[in-house]
Amino acid sequence: MNTTTQAPDAAAERAPTERAAAAAPGGMAAEAPRKAKAPKTPKAPNDREGFRQAMSWLHTWAGLILGWLLFAIFLTGTLSFFRSEFNLWMRPEMHGLQPMDAADPQVAQTAQKALDALVRKVPDVTQWIMPLPDDRDPAVNILWRDTGNGRFETLRMHPQTGEAIDTRQTMGGDFFYRFHFELRTAQKGRWAIEGRWVVGVATMLMFVALISGVITHRRIFKDFFTFRPTKGGQRAWLDAHNVTGVLVLPFYLMITFSGLMIFHSLYMPAGIATAYKGEKGVDSNAYFADLQGEKAESRPRRGATDKVEPLPAIALHSILTEARTRWDGGRIGSVQARRDAKGRAVVEVTRHEGDRLQYRPPRLLFDATTGQWLDQADATSPAVKTYGVLYGLHMARFADTGLRWALFGFGLLGSLMIATGMVLWSVKRSAKSHTQASRKGAANAADAATPRAPFGERLVAAINIATLAGLPLACGVYIASNRLIPLNVEGRADVELAWFFSAWGLALLWALACAVVRPSRMGWSVPLGAAGLAWALLPVINALTTHTHLGTTLPAGEWVWAGMDLAFLATGLLLGWLSWRLRPGRAPKGKAAAAKAPRTSTAAALPTTPDVSVSTSGA
Amino acid sequence: MKTARADWRYRLAITSRAVAAVGGGYALAAGFTAALSLLLAQCMPRVEAVITATMLAWVVYAIAAGWAFYARTAWGAWGGTLLPALVLGACAMAPQWMKAAA
């Protein structure tokens with residue numbers, strides 16, 4: 001907080017309301033600097049205004065505190081809409097596998113072949129989960145373990161031959177996915193629960209920021225159609241924030257709320273703790289069984305060292321045929337086998353996730369030895385169904401290609417909303433301290449020649465650069481590392497992540513140097529340029545290191561592969577264009593230049609005196 | 001600076017409000033979830049009660065956080081979140097206490 005707002009002593013307690021005048025992103029924003037100097041807020045504002053201002057204050061600070069983290073969560077979550085595609089692209093060894101129609105009855109033979117291969121490899125397997133190949137993932141992936149409650153291992157198989165596919169070690173798109181909800185930093189997760197809590201706190205702040213943002217907006221529908229890039233500076237940033245914020249507001253509310261609900265048993269277990277309290281403490285196992293529409297004994301709780309009998313031989317064909325009949329021809333998504341709490345071996349057939357909105361899909365239980373149908377499991381009661389639909393909307397497994405791209409676009413808009421909000425804070429702050437600096441400067445000319453933004457502002461500007469430009473750079477480097485790191489490196493998947501975090505760390509160092517230590521206009525353009533270069537070079541690197549490049553995938557019409565390369569190229573060009581717009585030589589010379597377009601530079605929006613916009617740039 | 005003292009008090013008040021919003025708000029939301037889960041479980045399946053209460057809890061949390069910054073004083077922020085949290089918590093614990101007493 002800066003110290004110059006002259007809040008009357010007596011009103012200090014009620015400061016949010018007073019301060020709001022300076023921080024309000026609503027209609028009063030244009031006058032913000034002036035108001036900060038001499039607050040005109042009446043001592044007892046009418047309640048509606050006071051409420052709006054308090055919410056505006058809350059919006060600003062809730063948004064600032066975890067905004068950078070939210071940006072990272074939002075962007076990696078957006079990339080996760082294409083998790084399967086990233087997984088595929090980052091394992092070029094899987095090229096050539098034909099996408100399968102999950103409704104094809106041949107799927108049963110594929111599953112049996114894969115199971116036979118698994119049993120040959122691990123005769124003592126006690127549990128396995130087999131998502132079957134479909135139009136997005138052409139391989140058979142088996143997760144298996146031969147322990148009671150140990151970690152699952154992964155086996156990837158050719159759907160036609162049942163042979164193991166030897167792919168490079170990588171987390172692929174799973175990294176974005178895991179980072180998105182638990183800030184995963186290594187292939188074998190550490191601090192997963194802590195990471196989920198941090199993400200949960202950020203999500204709650206986003207929820208608060210969304211609600212307070214809506215309240216702050218007195219002219220929400222008018223702003224919907226208002227974008228004034230030519231006004232330049234703060235106005236343009238505010239408009240950009242409003243447009244990206246309002247345009248797909250329902251999406252943000254849905255994604256935030258469902259994000260909180262997906263981990264509700266972690267974040268808000270109070271209801272479970274009271275309603276499921278029994279004689280022997282809280283029976284959360286019963287809760288999860290109810291939530292999934294299962295019987296409690298079907299999902300046993302075992303210790304890590306408990307011995308479990310290996311599974312018997314299983315004939316999948318008749319089971320899958322019957323499952324298909326029961327679902328009236330519906331697609332089969334995955335099959336799994338385990339021993340239930342009574343020790344009986346059961347096969348669980350899960351319907352394809354793309355068959356309906358609600359998550360999880362319905363399941364059928366069969367006896368593993370006889371193949372006899374036992375039970376079905378599905379959530380059917382209204383509140384639990386609502387929860388399932390929210391869950392499904394968040395995961396977007398139901399979406400086909402077109403809808404998936406639309407959701408991807410919404411996610412990008414959300415990232416932009418957060419980014420413009422962060423920049424808006426910076427721009428507004430430096431505009432304000434500039435006003436103050438020049439006022440002081442009237443008395444002390446030497447001081448005015450070298451106004452230096454307060455440390456806090458410079459720090460925010462630095463982290464803005466490190467996050468908003470650094471994360472795209474890190475993502476590009478991560479994908480490039482997938483092609484550049486030799487295949488036989490020990491712990492290769494973690495080396496890829498090391499590239500990701502090193503690139504991000506370098507961006508942070510650069511940003512600190514450029515914005516905090518020695519303000520410079522290079523701050524934004526260099527990391528953005530590097531990011532653009534990394535993304536644009538991806539198709540080239542791909543062509544030099546694999547045979548799955550555009551030269552072969554385009555003529556063959558393999559759009560899953562070619563689409564990735566083309567999207568990388570487009571991303572690179574976009575980032576490069578941004579970097580070019582922000583290049584040092586393009587400093588705003590006056591109102592006309594500053595007004596041309598909104599930019600990702602705080603300097604672009606500074607007041608128009610040339611010497612000032614140069615000397616405080618990057619801050 | 002003339003406003004130094006006010007600024008120090010201001011920061012303390014804001015910190016207090018923020019803690020009230022996060023901690024007090026969570027306590028209120030959790031108490032609300034616990035009490036409503038128990039109440040609804042009387043007339044619907046347990047899992048329905050818990051999910052309904054938990055979904056509403058986030059809205060309660062958001063309102064509580066808003067209140068913490070809207071209240072006239074930081075004390076009001078604390079009172080407005082913790083008092084109802086205590087009442088709701090007591091309601092949620094009441095059946096157990098009564099069972100223990102009986």
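In the predicted model, the contact between the two chains draws 39 residues from chain A and 39 residues from chain B. On the side of chain A that touches chain B, at least two residues each come from α1 (15–23), α3 (47–80), α7 (192–216), α10 (249–262), α12 (270–275), α13 (284–292) and α15 (382–395) of chain A. Of these elements, α12(A) gives the most to that side, its share being six residues. When the residues of the side of chain A that touches chain B are sorted by chemical character, 28 are nonpolar, seven are polar and four are charged.

Chain A as a whole contains 24 helices and nine strands. Of the 619 residues in chain A, 47% are buried. Among the contacts in chain A with a separation of 6 or more, 68% are between residues that lie 24 or more positions apart.

One of the helices that supply residues to the side facing chain B, α15 (382–395) of chain A, can be followed in further detail. With 14 residues, α15(A) reaches 20 Å from its first C-alpha to its last, which is close to the 20 Å expected at 1.5 Å a residue. The buried residues in α15(A) are A383(A), V384(A), Y387(A), G388(A), L390(A), G392(A) and L393(A). These buried residues pack against α10 and α13 of chain A, and also against α2 (46–70) of chain B, so that the packing of α15(A) involves helices from both chains. After α15(A) comes A396(A), a residue whose phi is positive, near 55°.

Among the strands, β2 (residues 140–145) of chain A shows an alternation of its side chains: V140(A), I142(A) and W144(A) point to one face and are buried, whereas N141(A), L143(A) and R145(A) point to the other face and are not buried. Two other strands of chain A pair with β2(A). Strand β1 (residues 127–131) of chain A pairs with β2(A) in the antiparallel sense over three bridges, and within this pairing the partner of Q127(A) in β2(A) is R145(A), one of the residues whose side chain points to the face that is not buried. Strand β3 (residues 153–157) of chain A likewise pairs with β2(A) in the antiparallel sense, here over five bridges, and in β3(A) the bridge partner of W144(A) is E153(A); the side chain of W144(A) belongs to the buried set of β2(A).

Definitions and conventions. Residues numbered from 1 in each chain as written. Chains lettered and ligands numbered in written order. Predicted model: local features only at pLDDT ≥ 70, side-chain atom pairs only at ≥ 80, totals over all residues. Helix = DSSP H or I, 4+ residues; strand = E, 2+ residues; numbered from the N terminus. Buried ≥ 20, exposed ≤ 12 C-beta atoms within 10 Å, placed from the backbone. Contact = placed C-beta atoms within 7 Å. Nonpolar A, V, L, I, M, F, W, Y, C, P; charged D, E, K, R; others polar. Expected span 1.5 Å × (residues − 1). Pairing = 2+ DSSP bridges.
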